[in-house]
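Here's a look at how two chains meet in this model, followed by a walk through a couple of sheets. Have the structure open as you read.

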Amino acid sequence: MGKYQRLALLGFVLFAFTLALFKASGWHVSYGFRLPEPPLVQAVTPAVVVAKPPVRKRGRHRFQREAEPTIAMGRFDSHFASSKLHTQTHAASLVELKDGRVRAFWFSGSREGAADVTINSAVFDPARNVWGAEQVVTGRDSTQRALHRYIAKVGNPVATRAADGSLWLFYVTVSLGGWAGSSISLMTSDDDGVSWSAPRRLVTSPFINISTLVKGAPFLYADGTMGLPVYHEFVSKFAEILRLDKTGKVIDKQRLAAGGQGTLQPVVLVQSEKEALVLTRYSGNAEIRRVVSIATDSGGRHWGKPVQSSLKNPDAALTALVLPDGKLLAVLNDQEWGRDSLSLQISADGGSTWRELRRLEEMSGLRNKIKDEPACLRLVESLARNSEARLDQGDGQLAAGHVDSAKLRVNADGGCAFEFSYPYMIQTHNGDIHLAYTWNRTFIKHVVFDHAWLQHRLKEHQ
Amino acid sequence: MMAFTDWTGLSGSALVWLLLALRLPVAARLTNPQRALFVAAAYCVVMLPVFGLSLAGWLRGMVGDLSLSSVLLLGAALFTRLRLLAGGAADTVWDARDRFALLAFLSVIALLLYPFALGVGILDPYRSGFAGIAFIVALALLSLWAMRRNLLLLPLAIALAVLAWSLGWYESTNLWDYLIDAPLAIYALATIGKSLLFNVRRGNRA
């Protein structure tokens, strides 16, 4: 190398590193969480008189939803958020809109991972107590065109509101292999989900940017940057938190647990400016299968060691939130095997102990017991009618369509296998709690209950 | 409209296709001006979306954006191929010592990065690539050391990666993605491994 060549190279090296140090000096990550605005919960009235619901002629059996009393303590209602028949649906998430409505997202297609899977959305109007029409937000083709790269499938949409008030929608895309080959894309909306920006890909992993998936609800740090709970599945499984600046660029990544500890799909529960608890799905090989919890008391700077919680977990996603009074509410399959029951649980001691407030779905008692198709389909119809009052109206065509859709999944191998999974829960500003989950992989079920109902259940279970 | 970072990412993938195109027999039969046109046309073809996806986009989906080290090596390979087809020398642009130093560096960082990034332990070296000043200073010192050892390619590759990261050349905000990519890591490990094995065998024979 000649003298001038060497000088030119030295100049180039010094220039590059000066620029890099200048850029790095502007990078700053502060720790501490932003607490969500407390909901405007109305004063709890001792009793809310509601009209007695019409007696359902069909669907009354020992597994049906509890009969509503004439005088109900609060509101508890359910619907189907998705409306497309004969498709597979999965992985719902919810976000409150500025006008108090709730928008849901999920993926839907001929089967999970198929090329025709799209990210769909619908809006729930609490005033009218109905879900609007299902719309396609994005899919494989539009994502591929926008990202200028091959995309094989899409999945797991998670929506949230950013610090600037816009809606952000994260979803996973896979170019190669199964879900372990996922990366995350981000779309934003300034009109509460009516229209969306082109997707952008987040680069989060050095190995072909694969294996970062999203499921849990994002949260905000005190400085307005966003924390996105994610997880890694390729080679080993572990939970992480991505940190995004206000423009959606990845500025940091924190590993919550080492690979091999089976932590997946973290849910972050912000308890104070400095304290948060992470609950994760357990996907390890231990004989005792429990939700794993990881805590911080330093605003997310340091996270403690993963420990087993008292919540059972059959290697399935869970959801949780912090109530304004500090209690924790969780929904999960509270069993070590199978996803055929779903339970609403509460903790009054920061997650140390939990107790069940309500069994939202319970089919585990019938596992492997129903052998004939007609009996199975009667059960499916009964469950569907109890999930959505609208199915009792009309000539029964709608209910028949729902049963026929669910049949493909529930009665797939000639048995009668139910699945209630991937719950996602939010609390809206009026204090209502909305829960969405996969109902037998064919519909997204939505459950809403209010503060009064919750208080009533708490009193009952004291 | 295509974002700048999409164009840079696709162009990196296009380099691979251009190298393959220059292996076609037709490339050897062209005159130099015709070959320049051929390369330009091939670039357009691989960048042009057909049914929503270009060849460069397909490759980009499979392997991600190529690091600047890969781009540098592919660019050099393209130049060498063009020179050879024009009747010039078949020598590589970089001498063997330079190439070895770069590939050895890439092998070491591949071993430091990938196992831990894929879940070995709680520490994730990839995190330092978001803006770790210590990481940047370490790379600067390594570059200066390499220059003192009369190495050209290693400091050039590192400085190019650092500059590209500073300018936001790709969609990644992580410096590691500018230094190394998975296909290059495999190539570097295989080359260095083979070289070490050869030296061991030669030593045994001696």
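Start with a salt bridge between the chains: the side chains of Lys253(A) and Asp124(B) meet at 3.7 Å, N to O. Bear in mind that this is a predicted model. Between chain A and chain B, the count is five salt bridges. Polar contacts add to the picture, with 19 residue pairs found across the interface of the two chains, both partners at pLDDT 80 or more.

Which parts of chain A supply at least two residues each to the side that touches chain B? They are α1 (3–25), α2 (140–147), β16 (238–244) and β17 (250–255). Of these, α1(A) gives the most, with 14 residues. Sorted by character, that side of chain A has 30 nonpolar, ten polar and ten charged residues.

How much area is buried between chain A and chain B? It's about 4,500 Å², and carbon and sulfur atoms give 69% of that. On the chain A side, Phe17(A), Pro206(A) and Arg255(A) lose the most area to chain B, together 16% of what that side buries. As for the residues involved, chain A puts 50 into the contact and chain B puts in 55.

Now for the sheets in chain A. One is an open sheet of four strands, ordered β22-β23-β24-β25, with antiparallel pairing. At its edges stand β22 (319–322) and β25 (355–362) of chain A; each has a single partner strand, so one side of each is left without a neighbour in the sheet. On average, neighbouring strands here are turned by 15 degrees against each other, direction ignored. Helix α5 (residues 451–460) of chain A lies across β23 (328–332), β24 and β25 of chain A, and runs at about 115 degrees to β25(A).

Another open sheet of four strands in chain A runs in the order β18-β19-β20-β21, again with antiparallel pairing. Its edge strands are β18 (263–270) and β21 (307–312) of chain A, each of which pairs on one side only. The twist in this sheet averages 30 degrees from one strand to the next.

Here is one strand pair from each sheet, both antiparallel:

| Strand | Partner | Bridges |
|---|---|---|
| β24(A), residues 341–347 | β25(A) | six bridges |
| β20(A), residues 290–296 | β21(A) | three bridges |

To find these pairs on screen, go by residue. Leu344(A) has Arg358(A) in β25(A) as its bridge partner, while Arg290(A) is matched with Lys312(A) in β21(A).

Conventions: Residues numbered from 1 in each chain as written. Chains lettered and ligands numbered in written order. Predicted model: local features only at pLDDT ≥ 70, side-chain atom pairs only at ≥ 80, totals over all residues. Heavy atoms only, no water. Contact = heavy atoms within 4.5 Å. Buried area = accessible area lost by both parts, 1.4 Å probe. Salt bridge = Lys/Arg side-chain N within 4 Å of Asp/Glu carboxyl O. Polar contact = N/O pair within 3.5 Å; in protein donor to acceptor, adjacent residues only side chain to side chain. Nonpolar A, V, L, I, M, F, W, Y, C, P; charged D, E, K, R; others polar. Pairing = 2+ DSSP bridges. Axes fitted to C-alpha atoms, helices over the stretch in contact; angles between N-to-C directions.
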